[in-house]
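Student: Could we go through this structure together? I would like to see how each label is earned.

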Amino acid sequence: MSDWLYSNIVKDHFTQPRNALTEGESSFPADGRGQAGNIKCGDQMLMLLKIKDDVILDARWKTYGCASAIASTSMLSEIIKGMNIKDAYKIKPEDLVEKLGGLPDYKVHCSVLGDKALRAAIDDYLAKQGRAGELVEEAVVICRCLGITGKDIENAFANGARAWEQLQKATKIGTVCGSCKGKAEEFLHGLSHIHGA
């Protein structure tokens, strides 16, 4: 395709996804199972992990998503093999985008499904081990002036903030220098994409 907007790495992982769950693997021996996304908006991700002594031995995944979601999760499934769950828990969408050689800006939010499903699968594993809450996702600072994090935006989103003005009213974000507006709106868009709201 002459107008293909993705890197060759993305194309490779999209056309030949690694570790995708096949129909014959419905009995994959998962120690951790995580799901993210919302089928209403068309993207949903399932992540299955085989773990021993807190090391990820194998992974399988299934998604209803676009090329970016498929490629980023394929890449993620390769990266995490042999990784300690504490290190895997810290993987961010930006890490995947870099490994893929970039994604179009309007497709970066698609890469969040894999890492969210991964953390959910690790949380599930820990809960089964009687270790629930042992790992906590690091809060990403979105507004440096006021110290507003992604968690703050997620909470505002959960309470109905869907647009910039609503988010600003709920958190006071962007009322000092305003340089965070683009990043905050992108984060908000990603939440809408994931939760289908």
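Tutor: Gladly! Helices here are DSSP runs of at least four residues, and strands are runs of at least two. Counted that way, the protein chain has eight helices and five strands. Keep in mind that this is a predicted model.

Student: What makes Asp-58 and Arg-60 a salt bridge?

Tutor: Set the distance against the cut-off. A side-chain nitrogen of Lys or Arg has to be within 4 Å of a carboxyl oxygen of Asp or Glu. For Asp-58 and Arg-60 the N to O distance is 2.9 Å, so the pair passes the test.

Student: Why is Asp-58 called buried?

Tutor: Buried means under 20% relative accessible area. Asp-58 has 18%, so the label fits. Its partner Arg-60 has 14%, so Arg-60 is buried too.

Student: How do you know that Asp-58 also forms a salt bridge with Lys-81?

Tutor: Their closest N and O atoms are 3.6 Å apart, and the limit is 4 Å, so this pair counts. Asp-58 lies in strand β3, while Lys-81 is in the loop between α2 and α3, so the pair ties together parts that are 23 residues apart in sequence. Asp-58, Arg-60, Glu-78 and Lys-81 are linked in a network of salt bridges.

Student: Why is Lys-81 called partly exposed?

Tutor: Partly exposed covers values between the 20% limit for buried and the 50% limit for exposed. Lys-81 is at 33%, so that is its class.

Student: What makes Arg-18 and Asp-12 a salt bridge?

Tutor: The closest N and O atoms of Arg-18 and Asp-12 are 2.6 Å apart, which is within 4 Å. Both residues are partly exposed, because Arg-18 has a relative accessible area of 24% and Asp-12 is at 28%. In total, the structure holds nine salt bridges.

Student: How do you know that β2 and β3 pair?

Tutor: Pairing needs at least two bridges. Nine bridges join β2 to β3, and the strands run antiparallel, so they pair. One bridge partner of Ile-51 to look for is Ile-56 in β3. Strand β2 is also mostly covered, with eight of its 10 residues buried.

Student: What makes Glu-186 fit into the negative surface patch?

Tutor: Patch residues need over 30% relative accessible area. Glu-186, in helix α8, has 47%, so it clears that limit and counts as partly exposed. Glu counts as negative, and Glu-186 shares the patch with Glu-94, Asp-95 and Glu-98.

Terms used:
Residues are numbered from 1 along each chain as its sequence is written. This is a predicted model: local features need pLDDT of at least 70, side-chain atom pairs count only at pLDDT 80 or more; totals for chains, interfaces and linings use all residues. Side-chain values use heavy atoms; hydrogens and water are left out. Patches are made of residues with over 30% relative accessible area and no salt bridge: like charges are joined within 9 Å, nonpolar side chains (Val, Leu, Ile, Met, Phe, Trp, Tyr) within 5 Å. Accessible areas come from the Shrake-Rupley method with a 1.4 Å probe; for residues, only the protein chains shown count as cover. The place of a charge is taken as NZ of Lys, CZ of Arg, CG of Asp or CD of Glu. Buried means under 20% relative accessible area, exposed over 50%, partly exposed in between (1.4 Å probe, protein chains only).
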